[in-house]
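Here is a friendly set of notes to read with the model open beside you. Take the points one at a time, and find each residue as you go.

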Amino acid sequence: MNNDQPLLQPYRSENLNIPNRVVMAPMTRSRADNSGKVPTAALQGEYYALRASAGLIITEGSQVSEQAVGYINTPGIHSEAQVAGWKEVTQKVHAAGGRIFIQLWHVGRISHPDFHNGELPLAPSALNPKAKSYTPQGFKDTVTPKAMTLEEIETTIHDFAKAAKNAVAAGFDGVEIHASNGYLFHQFFSGTSNHRTDAYGGSIEKRARFLFDVVDAVKQEIPEGKIGVRMNPSLNGIFGMTMDEESVPTFDYIVNKLNEYDLAYLHLSEPFNDVSDIPYAETEIAKRYRPIYKGTLMINAGFDQEKGNAVIKRGDADLVSFGKPYISNPDLVERFAQDIPLAEWDDSTFYTPGKKGYLDYPVEARETQEV
Ligand SMILES: Cc1cc2nc3c(=O)[nH]c(=O)nc-3n(C[C@H](O)[C@H](O)[C@H](O)COP(=O)(O)O)c2cc1C
């Protein structure tokens, strides 16, 4: 047993009290393949309960409205049936001793008219991300979205608040606002996707405003200490996102301002690809934002046991979230504790329906664990 690793130490703050610092990162698995996009105890419940030894589980992105959808078979958190489905999921996770936040999602311009009876997806501005949308008919080119009216922005803010209320009803321990990876919030943040000239665009403060309006609305429904925010400041060339000279100052502003809130955590990703040739990109996210953010900092992307232990030991982050390693290692925490090699993930079953590649990865470590 190797239990003195930083990753395996309990983490306690005013808002979080978790047995280790290994977090399951949010991952879309497209298993809600029913007409209501409802999660079930048999699929999502089993899947997350198997991972209950994580310090914290963050669910896959879950849309806050029908308008927010952008991928096939992704669950929502806006209908009664979805809330009932998620309730069974959280019950299973809690019964297995775990803690689970739901990730609240709106894809904005990454959606496609095929999801909206031919209507255009909504975004801050009518600018095509020139990316791909994963529709029921396979990958299709994205289109030029419709620029949101102020009324549509207000409705969307309200959708996030309603989703947070639903999350409480469904028994979640908290919510994570998905302001990452080129989706709706990120589209507001970036000057390359937001050409608005009203209260939601034109300056760093105005481009950031949508996030703060949503956090303010969500905290009317769930305590601030149960809200997490996720961002990916150096995303470039993925999901239609392009950085510019104002990207880093924008994220600096947002992270600084998030200090005014008493959040559960701030969840940041290191760059998803090599951005070292982009003069205005930050290549070391945890290093940059640890001194700026005063609350709990969770870091993600490309970590393994060694790097995860090191980043906590250096004091650059409090928690580490693991994505792909959690797909193939439900017992990731036990494997770290027992230094058991990790199982490989199979990316051909990341988004396919049913149990294959979802419920059939072995739980080796738990079986051999000493009690
Ligand atoms: C299959 C798959 C689905 C993902 N879906 C989401 C998602 O719904 N929401 C999100 O914020 N990130 C999503 N991500 C990104 C992961 O949370 C994570 O940032 C990424 O996998 C890098 O971390 P890793 O190197 O530990 O895998 C997804 C990644 C994968 C591989």
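1. Let us begin with a hidden space in this predicted model. By class, 6 nonpolar, 6 polar and 3 charged residues line the largest cavity. Its volume is about 70 Å³, and the search of the whole structure finds 1 cavity of 30 Å³ or more. Of the 15 lining residues, His186, Phe189, Ser190, Ser247 and Phe251 are the closest to the centre of the cavity. Two elements, H4 and helix H6 (247-258), give two or more residues to this lining, and H6 gives the most, with 3 residues.

2. Stay with H6 for a moment. How far apart should the ends of its 12 residues be? At 1.5 Å a residue, H6 should span 16 Å, and its end C-alpha atoms are 17 Å apart, so the two values agree. The expected span is 1.5 Å times one less than the number of residues, in case you wondered about the arithmetic. The buried residues of H6 are Ser247, Val248, Thr250, Phe251, Asp252, Ile254, Val255 and Leu258. What covers them includes H4, H5, strand S11 (227-231), strand S12 (265-269) and helix H7 (285-289).

3. Next, look at Ile204, which lies in helix H5. Is Ile204 buried or exposed? The cut-off for buried is under 20% relative accessible area; Ile204 has 16% relative accessibility and therefore counts as buried. Leaving aside neighbours within four places in sequence, Ile204 is in contact with Glu246, Pro249, Thr250 and Tyr253. Measure along the chain too: Ile204 and Val218 are 14 residues apart in sequence and 22 Å apart in space, C-alpha to C-alpha.

4. Now for the nonpolar interior. A useful background idea is that in soluble globular proteins, nonpolar side chains tend to be buried together. Here the largest nonpolar core has 85 residues, and Leu211, Met231 and Leu258 touch the most other members. H5 gives the most to this core, with 8 residues. Not counting residues up to four places away in sequence, Leu211 touches Ile177, Ala179, Phe185, Phe189, Val229, Ile254 and Leu258. Apart from this core lies another, of 11 residues, with Tyr11, Ile18, Leu56 and Phe101 among them.

5. Helix H3 (residues 150-169) deserves the same check on length as H6. With 20 residues at 1.5 Å a residue, H3 should span 28 Å; the end C-alpha atoms are 29 Å apart, which agrees. Its buried residues include Ile153, Ile157, Phe160 and Ala164, and polar or charged names such as Thr156, Asp159 and Asn166 are buried as well. Among the elements that cover the buried residues of H3 are helix H2 (80-95), strand S5 (100-105) and strand S10 (174-178). Just after H3, Gly171 takes a positive phi of about 90 degrees.

6. Finally, turn to the largest pocket, with a volume of about 950 Å³. Which of its 38 lining residues are closest to the centre? They are Pro26, Met27, Phe272, Lys324 and Tyr351. S5, strand S7 (132-135), strand S14 (319-322) and helix H9 (324-328) each supply at least two lining residues. The largest share, 3 residues, comes from H9. By class, the lining of this pocket has 22 nonpolar, 10 polar and 6 charged residues.

Key: Residues are numbered from 1 along each chain as its sequence is written. This is a predicted model: local features need pLDDT of at least 70, side-chain atom pairs count only at pLDDT 80 or more; totals for chains, interfaces and linings use all residues. Side-chain values use heavy atoms; hydrogens and water are left out. Helices (H or I, at least four residues) and strands (E, at least two) are DSSP runs, numbered from the N terminus. Buried means under 20% relative accessible area, exposed over 50%, partly exposed in between (1.4 Å probe, protein chains only). Contact means heavy atoms within 4.5 Å. A nonpolar core is a set of buried Ala, Val, Leu, Ile, Met, Phe, Trp, Tyr and Cys residues joined through side-chain atoms within 4.5 Å. On a 1 Å grid over the protein atoms alone, a cavity is a set of points where a 1.4 Å probe fits but cannot get out, and a pocket is an open set with protein on both sides within 12 Å along at least five of seven lines; lining residues have an atom within 4 Å of a point. Grid points are joined across faces, edges and corners, and a volume is the space filled by probe spheres set on the points. Ala, Val, Leu, Ile, Met, Phe, Trp, Tyr, Cys and Pro count as nonpolar, Asp, Glu, Lys and Arg as charged, and the others, Gly among them, as polar.
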